[in-house]
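Me: Hi! I have a new structure open and could use a friendly tour. Could you walk me through it?

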Amino acid sequence: MKQVVQNYKSGELSVLDVPVPGCKPGGVLVRSAFSLISTGTELMKVSEAGMSMVGKARSRPDQVAKVMQSVAVNGLPATYRKVMGKLDSYTPLGYSLCGVVEQVGAGIDDVKVGDLVACAGNEHALHAELNWVPRNLYTPVPDGLAPQHAAFGTVGSIALQGVRQGEPQLGEVALVIGLGLIGQLVVQLLTAAGVRVVGADPDPARCELAERLGAAACGDPGSSAVEAAVAELTGGHGVDQVFLAAGGGSNQPVELAAKLARDRGRVVDIGKCRLDLPWNAYYEKELDVRFSRSYGPGRYDPEYELEGRDYPIGYVRWTERRNLACFLDLLARGRVDVEPLVSHVADFDDAVETYRRLKDGELKAVAVLFRYPEAPADEAPQAPSIALPAVPAARNGARASAPARSAGAPVRLAFVGAGNYATSMLLPHLAQREGVTLSTVVTTTALSAANAQRKFGFAQATTDLDAVLGDPSVDAVFVVTRHSSHADLTRRALLAGKAVFVEKPLALGEDELAGVLAAVEESGNDRLQVGFNRRFAPLLREARKRFGARTGPASLRYLVNAGRLQQGSWYLQQGAEGSRFAGEGGHFIDTASWLLEADPVSVYAVAPAGNEDLQVVLRYPDGSTATLAYVTTGAPGFPKETLDLVADGKVLKLDDFVRASVYGRKRWVSSRLPKARDKGQSNELAAFVKAVRTGGPMPVPLESLVATTAATLAVQSALAGGAPVTLARAR
């Protein structure tokens, strides 16, 4: 299928061939009929992409702050790779469309194949021929409403939410500053609510359009006409609400709002304009400044948008989806008319030229629609899906045979998942490695697969996992998806006879771990590696070598200054993805076990009330102990990982993988700081590829992987029970 994309680094726009997105449970696959260009938001994004790197940084100071924090934690080289990888990637455009349901995912019963729906979301209602849209981001189109009008649904919801924030009442007077697409819709919605409206915009054509659509008067914000109209309609008191629907760097909108609002009036920011509030003016009138957050309640809440968990109507009357349905109803009943706003309808194939004309000012438009071609009559209605099928039939304990490989043939790798970690920490080490061929990348979203294919040279990009598992030429599968899918994808790949590299964690529960082991037993295939990379870090390996052999028990102390997660991180979705420690604690337990050359026999854990900090004590067969402090409340400027190992009159000290030392009869200190924090990913991948190529032992014994996973899972049991948990020794 085709999709409009932009490279944020170069500013290049293109219509790209990408895989069809999979139809996951909890949503529908929609074939686009019309999608709407947001001439404000999208053109701002297009303009930003054309800036220099300095210009991009100035326009997004919030992102610059995140980069600087990442440099402090991960080092400059790793941060540079991550940032440039994000910049030099295709990003999608679009967030408002109407289309036909082509496939229905599991759990969806309110629409069927062939229904017309309006869709929302800058990750789900893209300028693309097909989109997967979750339950709360689509709504059926009322009978009789034209699809090109229903495509305004998302932008209409933004305007509607802004109006709701102003709490207008019958007979009031409102000022709308900025008469672009959002402003024109706000004018109509206010008029439909019985509010008299004055509009302000420097473009005479837009002022004339707003007056035709219901505004009492409109004019240039710098002229006296707007002030005179407000004085006449309000008896000199000022407007009840001001809606800021303008963009740009001028502070004129907020100054005009203060001048023309009545005492204790409301000012609602819908657009993205400069907001240097003149303190005296806003203080003297005690103006109520409000913000309107996009489409309404539910926005930016992954449980609402992605998991389909609705808010009870008795507590939240108007959500994203209810706003979308309400706006479509207003359109269907003729209370709002979007046809006069349509300046141009372009064929989807002409998308790049359309954006160019808009950016250059050649095409003057309030609203522009893309019109999509109908699906070919012979095209199958079902798209490839990553939804999990039934477990393959039993192999009666026979060992799964590896794909036949001729001597000297490259190792063919497939990736399931291509997120930040895969593209910044794994694929850069594999893309240029001799003897490796990147065969196929599988993702549930089309654009992430296309980005990985372009940047790392995958032969194929797809959303069809079954095809990859059934491909006899693929030697190994990398599972680099969200934590909740690791165990099942690993199990399926093992049953398919593939060597598997799965990022931590291997499993989020004992039943998932048992399922992986059952797959090993059923298939006879134990070619498994979990991404516990720290044991492969050159600095730590050198320090252990300098420390030498032990004769007595050791005491190990490991402080992980994990820090707080950003709001909205999928790591916070504990119901679906497990606790944060369950997801990444295996890293540190594996490191301790590797240093102590054994697997733990018991786990004890305590946690203070009210935060995610943990103290974990691991006991080992020879009496050694490891104390792991996993904290989220520490200072962000402090090193992330510090470790001390004490035994036999010696001390090994590791400082965040940038410096190490060993104190004993002789003192050793790493001679110089490494150029980057090398946490062992490159060495780990080299060892895995060698094992696959030669058929030799995997880098870490299966028993150790299982023991580390079991110990990680036991932390939660120890917390719940308040007592140590004894671990059965792996056999």
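**A first look around**

Reply: Let's start at one spot: Phe-291 is part of strand β14 (residues 288-291). Helices (H or I, at least four residues) and strands (E, at least two) are DSSP runs, numbered from the N terminus. This is a predicted model, where local features need pLDDT of at least 70 and side-chain atom pairs count only at pLDDT 80 or more, while totals for chains, interfaces and linings use all residues. Residues are numbered from 1 along each chain as its sequence is written, and side-chain values use heavy atoms, with hydrogens and water left out.

Me: What is Phe-291 part of on the surface?

Reply: Together with Leu-277 and Val-289, Phe-291 makes a nonpolar surface patch of about 250 Å². Patches are made of residues with over 30% relative accessible area and no salt bridge; like charges are joined within 9 Å, and nonpolar side chains (Val, Leu, Ile, Met, Phe, Trp, Tyr) within 5 Å. Accessible areas come from the Shrake-Rupley method with a 1.4 Å probe, and for residues only the protein chains shown count as cover.

Me: Zooming out, how many helices and strands are there in the protein?

Reply: The protein has 24 helices and 31 strands. Its accessible surface comes to about 31,300 Å², and 52% of that belongs to carbon and sulfur atoms. Of the 731 residues, 52% count as buried, meaning under 20% relative accessible area (exposed is over 50%, partly exposed in between; 1.4 Å probe, protein chains only).

Me: And what share of the contacts is between residues 24 or more positions apart?

Reply: Among contacts with a separation of 6 or more, such residues account for 70%. A contact here means heavy atoms within 4.5 Å.

Me: Now sheets. In what order do the three strands of the open sheet come?

Reply: The order is β2-β1-β4, with antiparallel pairing. β2 (13-17) and β4 (90-92) each have a single partner strand, so one side of each is left without a neighbour in the sheet. From one strand to the next, the twist averages 50°. Angles run from 0 to 180 degrees between N-to-C directions, and axes are lines fitted to C-alpha atoms, for helices over the stretch in contact.

Me: How many bridges join β1 to β2?

Reply: Five bridges join strand β1 (residues 2-7) to β2; two strands pair if DSSP finds at least two bridges between them. As an example, Lys-2 has Asp-17 in β2 as its bridge partner. Helix α14 (residues 351-360) packs on this sheet, touching β1 and β2, and its direction makes about 165° with that of β2. Helix α16 (residues 446-456) lies across β1, β2 and β4, at about 170° to β4.

Me: What about the nine-strand sheet, which strands are at its edges?

Reply: The edges are β30 and β31 (725-726), each pairing on one side only. The full order is β30-β29-β28-β27-β23-β26-β25-β24-β31, an open sheet with mixed pairing. Within it, β28 and β29 pair in the antiparallel sense over five bridges, and Leu-654 stands opposite Ala-660 in β29.

Me: Switching topic: how many salt bridges are there?

Reply: The count comes to 34, where a salt bridge is a side-chain nitrogen of Lys or Arg within 4 Å of a carboxyl oxygen of Asp or Glu. One of them joins the side chains of Glu-102 and Arg-31, at 2.8 Å from N to O. Glu-102 lies in strand β5 (residues 96-104) and Arg-31 in strand β3 (residues 27-37), so the pair ties together parts that are 71 residues apart in sequence.

Me: Are those two buried or exposed?

Reply: Glu-102 is buried, with a relative accessible area of 13%, and Arg-31 is buried too, at 12%.

Me: Where does β5 go from there, and how does it pair with β6?

Reply: β5 and β6 pair in the antiparallel sense over five bridges, and the bridge partner of Cys-98 is Ala-118 in β6. Strand β6 (residues 116-120) is mostly covered, with four of its five residues buried. β6 also pairs with strand β8 (residues 138-140), antiparallel over three bridges, where Cys-119 stands opposite Tyr-138 in β8.

Me: One last stop: what does Arg-356 form with Glu-362?

Reply: They form a salt bridge, with the closest N and O atoms 3.2 Å apart. Arg-356 counts as partly exposed, at 33% relative accessibility.
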